[in-house]
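Please look over the model shown here. The report below covers its domains, one sheet and the ligand shell.

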Amino acid sequence: MQAVRRSRGAARAGADGAADVLQPLVVVGRGLRRLAYDGRAWWEAAPQERRGPVGALVFVGVLGVYLLPYGPALAVGALLVVAGWKGRGGGVAEAPAETGPGPEELARLQSLYEALVPCFARADEPGEEPLYAHDGTYERSFEEFSFTGEGRVERLLLRYPAHFADCDAEQRQRVERVLDAKAGRGREYRFGWDEERNRLELSVLPPLPADVVAQPFVTSPGETVLGFTDEGAVPRTLPVTDGWGSRDVPPVVWRTGPRSTEPHLLVLGNPGSGASTLLRSVAVQALRHGDVLVVEGGGAGEFAFLTGRPGVPAVESSVVGALAALEWVVHETERRLLTGHRARQAGDPVPADVRRPLWVVVDRPALLSHLARAEGRRDPQELLEVPLRHGRAAHVTVVVAEQFEGAQALAQAVRAYTRARVVLGPESADQVRAVLGEGPAAAPAPQPPRGRGYARLGGGPVLRLQVPATPDPHDEETDEAQRQAVLALLPERGRPAGAARAAAQAAGPPPAGPVAAGR
Ligand SMILES: Nc1ncnc2c1ncn2[C@@H]1O[C@H](COP(=O)(O)OP(=O)(O)OP(=O)(O)O)[C@@H](O)[C@H]1O
């Protein structure tokens, strides 16, 4: 017995001795882990424009230390000292201890609960204690919750009474608006309604990739990247490169052509929300496999950089030029339909010039229609009806962008035939619903970044969308790297035009000239 006690004592003394010897190593190891954790947290939280300079500074610092005599040894010594300092005091610093919500967080939960009482309480509620009552507390109704480091609600799972009309969109919106306001503005929330279990889950959405710049996306012919969305919202990812290397992001891919069920696109947005940028992005991608004709109603010359490029029959911004270009599009659509029809009847393959995609990109047509009326001319939007109605079979795709305030002036054909829809910079879920036919799962952020909005392809789900930055390379304020990125995607001027363009010209160029500068 005594022998056993002696051996246990010896083992404990040995373990204590080993712990004493290893203690400095444990502290340094913990410190190194904490330093790495802090560094990573800073990097993830830092805006893109700060990462570059800091990364460069670190690189120069490391190089300098490496070149100094005894530099690497001194640096390792200094790192160990800092790690030793940082590693003091217990091993729980990486993950804050589970202490539960503090008084401020509890107060937030209670105020959220009280704000929901008018939505969920019913005066004549039968039976036992109701889930929501003016003198009630949140404990029974809020099943799960978590907070951010700053004490803001990050996730909330709540129960609602069975009598609440959760299939009524208006009732739901009322609850979502309350939660949106009370959980803290400036963030985007997703609301998950579980009608079977009478549960509502609110979660904060992570930001979308906002730093992707125009580049040759890895897509098949007939596919156009409208932008990027939430992870898991679409079944595929796309590799993109930025200043830091390559990564995979989930894209919103729009398919056009004869088999597309949504062959034309309508973009609506608030002024400055990035509608022209999306059109530029689409046009630049379309030029890889087709021809692009641009009608610019805004007249700001935001597409002038395309003028004279191979595959660009016209860039028009005057009423006369737009009418001439769109009349040509009507004839070209009809010519393609007839030629294709004849070829099929004769059992021949459809000629390549008929299969080459033609894109008609129209920015702010409402303004052009207004000017045309003022000049007593035909409305250019009337001429969009033929390509919109028959374009799918003729490989003609129409893309229209307009501001919300001009939406009422859009022609009936534009509204009827554009089944791919994007709404940019919306201020409310109602605005999204009005354009896409369905509201978003997440309430729009109050001040969304440029190029942020929602997309819906036909009857598909409403997807959050971030358009890749595709600035006008002629704009003096454009960042030089982004300007070069856009220019690199354009076919060089002076290169012989494709066979399709020659054929299209043979069919009759736009009366203002095959390539009209438009202003
Ligand atoms: N996705 C984006 N990423 C970065 N910047 C963007 C993005 N979209 C737009 N911007 C910037 O926002 C500004 C306005 O964009 P744009 O001209 O495309 O908006 P718009 O909706 O067409 O507005 P307007 O009708 O007033 O011209 C531009 O400076 C543009 O570079």
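## Helix against sheet

Axes are lines fitted to C-alpha atoms, for helices over the stretch in contact, and angles run from 0 to 180 degrees between N-to-C directions. In this predicted model, helix 5 runs at about 140° to strand 3. Helix 5 lies across strand 3, strand 4 (199–204) and strand 15.

These three strands belong to an open sheet of 5 strands, ordered 1-2-4-3-15. Pairing in the sheet is antiparallel. Strand 1 (142–147) and strand 15 (442–443) are the edges, and each pairs on one side only. Strand 1 pairs with strand 2 (residues 153–159) over 5 bridges, in the antiparallel sense. In one bridge, Phe147 is matched with Val153 of strand 2.

## Domains and their contact

The protein chain is split into domain 1 (22–40 + 59–87), domain 2 (103–204) and domain 3 (223–506). The centres of domain 2 and domain 3, taken over C-alpha atoms, are 41 Å apart. Their contact takes 10 residues from domain 2 and 6 residues from domain 3.

On the domain 2 side, helix 5 (169–182) and strand 3 (189–194) each supply at least two residues. That side divides into 6 charged, 2 polar and 2 nonpolar residues.

## Ligand shell

Which residues come nearest to the ligand? Of the 15 around the ligand, they are Gly274, Ser276, Thr277, Gly451 and Ala469.

Helix 6 (residues 275–286) gives the largest share of the shell, 3 residues. By class, the shell holds 9 polar, 5 nonpolar and 1 charged residue.

Definitions and conventions:
Residues are numbered from 1 along each chain as its sequence is written. This is a predicted model: local features need pLDDT of at least 70, side-chain atom pairs count only at pLDDT 80 or more; totals for chains, interfaces and linings use all residues. A residue is near a molecule or strand if its C-beta atom, placed from the backbone, lies within 6 Å of it. Helices (H or I, at least four residues) and strands (E, at least two) are DSSP runs, numbered from the N terminus. Ala, Val, Leu, Ile, Met, Phe, Trp, Tyr, Cys and Pro count as nonpolar, Asp, Glu, Lys and Arg as charged, and the others, Gly among them, as polar. Domain bounds come from an automatic or database domain assignment. Two residues are in contact if their C-beta atoms, placed from the backbone, lie within 7 Å. Two strands pair if DSSP finds at least two bridges between them.
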